[in-house]
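Got your viewer open? Here's a walk through the model, one selection at a time.

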Amino acid sequence: SHAPEQTYCGVRGDGWSVSADGTSLSTNQGVTVPGGNSTSIGPSVGNVTLRAVGGTASFFASDDSAAIFSAFANGSSSSAVVVTNGTIAAHAATSVSATVAPGENTTLSIIFSWYFPGRDFSNVVLGNEYANRFSDSHDVANRLAADGELETVVDNINLFHHVIAAPNNPAPDWLKDMLLNQFAHAHMMMR
């Protein structure tokens with residue numbers, strides 16, 4: 001069969017955009033229904049952000065993911081597009097770099113955040129709790145990029161994993177797996 005035009009295995013969106021401060025790359029993904037009207041809720045309506053923390057960000061986009069890897073490896077955009085607002089491409093990526101003086105240390109991070117508030121289950125829109133806390137994926141990324149916040153979140157996740165996955169935890173493996181990998185479904189049952 002013939003794949004529809006503009007079908008991607010990457011994130012299909014309305015174009016990639018760089019934030020005004022040059023730290024983030026984002027795209028919005030919506031669903032267009034027949035007649036060209038855009039829906040506002042659904043499991044595939046939302047946005048994705050890649051935010052660099054701790055250094056200088058670089059952004060590339062292309063329909064060819066190998067071209068992006070090549071651009072980063074070569075330090076140029078000869079085979080991929082340097083992102084300008086509205087760049088249409090199936091794939092995009094962010095890198096972060098810094099110059100570190102001898103004997104000094106630095107931490108570089110890339111935050112991958114998403115915001116898809118219309119999660120569904122069996123064709124019933126349940127939503128996501130984070131929609132009550134954040135306005136979009138850029139808001140999530142900026143909150144995590146605040147001084148010390150990312151480290152705090154990672155530490156809390158690691159503590160949770162340590163308790164659940166501890167060898168002396170008598171819970172059955174299936175329950176440990178559900179708690180570690182499918183918690184979004186479990187917390188929805190607790191409402």
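At what angle do the axes of helix H3 (residues 149–165) and helix H4 (residues 173–181) cross? Keep in mind that this is a predicted model, then select both helices. Their axes come within 10 Å and cross at roughly 170°. That makes H3 roughly antiparallel to H4, because an angle over 145 degrees counts as such.

Now show side chains where the two helices meet. From H3, pick Phe160, His161, Ile164 and Ala165; from H4, pick Lys176, Leu179 and Leu180. Sort that contact by class and you get five nonpolar residues, one polar and one charged.

**Zoom out**

Colour by secondary structure next. The protein chain has five helices and nine strands. Going along the sequence, the order reads β-β-β-β-α-β-β-β-β-β-α-α-α-α. Of the 191 residues in the chain, 30% are buried. As for the contacts with a separation of 6 or more, 56% of them join residues 24 or more positions apart.

**The largest core**

In general, nonpolar side chains in soluble globular proteins tend to be buried together. To see this model's largest nonpolar core, select these eleven residues: Trp16, Leu25, Leu50, Ala52, Ala57, Phe59, Ala61, Val83, Ala89, Ala92 and Val96. Which elements give two or more residues to it? Strand S3 (46–53), strand S4 (56–62) and strand S6 (91–97) do, and S4 gives the most, with three residues.

Stay here and centre on Val83. Setting aside neighbours within four places in sequence, Val83 is in contact with Trp16, Ser17, Val18, Leu25, Phe59, Phe60 and Ala61. There's also a second, separate core of seven residues, and Tyr115, Phe134, Val140 and Ala141 are among them.

**Helix H1, two sides**

Select helix H1 (residues 65–74) and look down its axis. Which of its residues are buried? They are Ala67, Ile68 and Ala71. These buried residues fall within an arc of 105°, so they line one face of H1. An α-helix has 3.6 residues a turn, so residues three or four places apart point the same way. Show S4 and S6 as well, since this is where the buried residues of H1 pack. Then swing round to the other side of H1, where Phe69 and Ala73 are exposed.

**Helix H2, one side**

Move on to helix H2 (residues 137–145). The ones to colour as buried are Ser137, Val140, Ala141 and Leu144. Why do they sit on the same side of H2? They cover an arc of only 95° around the axis, which puts them there. Two of the residues you've just coloured, Val140 and Ala141, also belong to the second core. For what lies over them, show S3, strand S7 (109–115) and H3, which are included in the cover of the buried residues of H2.

**The loop before H2**

Last stop: the loop between strand S9 (124–125) and H2, where you'll find Asn128. Is Asn128 buried or exposed? With a relative accessibility of 13%, Asn128 counts as buried, because the cut-off is under 20%. Draw a distance from the C-alpha of Asn128 to that of Gly118: the two atoms are 6.8 Å apart, for residues ten positions apart along the chain.

Asp136 is placed in the loop between S9 and H2 too. Its relative accessible area is 26%, so Asp136 is partly exposed. Which residues does Asp136 contact, leaving aside neighbours within four places in sequence? Select Asn47 and Tyr115 to see them. Asn47 lies 89 residues away from Asp136 along the chain, yet their C-alpha atoms are separated by 6.8 Å. Tyr115 should look familiar from the second core.

Note on methods: Residues numbered from 1 in each chain as written. Predicted model: local features only at pLDDT ≥ 70, side-chain atom pairs only at ≥ 80, totals over all residues. Heavy atoms only, no water. Axes fitted to C-alpha atoms, helices over the stretch in contact; angles between N-to-C directions. Helix = DSSP H or I, 4+ residues; strand = E, 2+ residues; numbered from the N terminus. Parallel < 35°, antiparallel > 145°, perpendicular 65-115°, else oblique. Contact = heavy atoms within 4.5 Å. Nonpolar A, V, L, I, M, F, W, Y, C, P; charged D, E, K, R; others polar. Core = buried A, V, L, I, M, F, W, Y, C linked by side-chain atoms within 4.5 Å. Buried < 20%, exposed > 50% of the residue type's maximum accessible area, 1.4 Å probe, protein only. Arc of directions from axis to C-beta.
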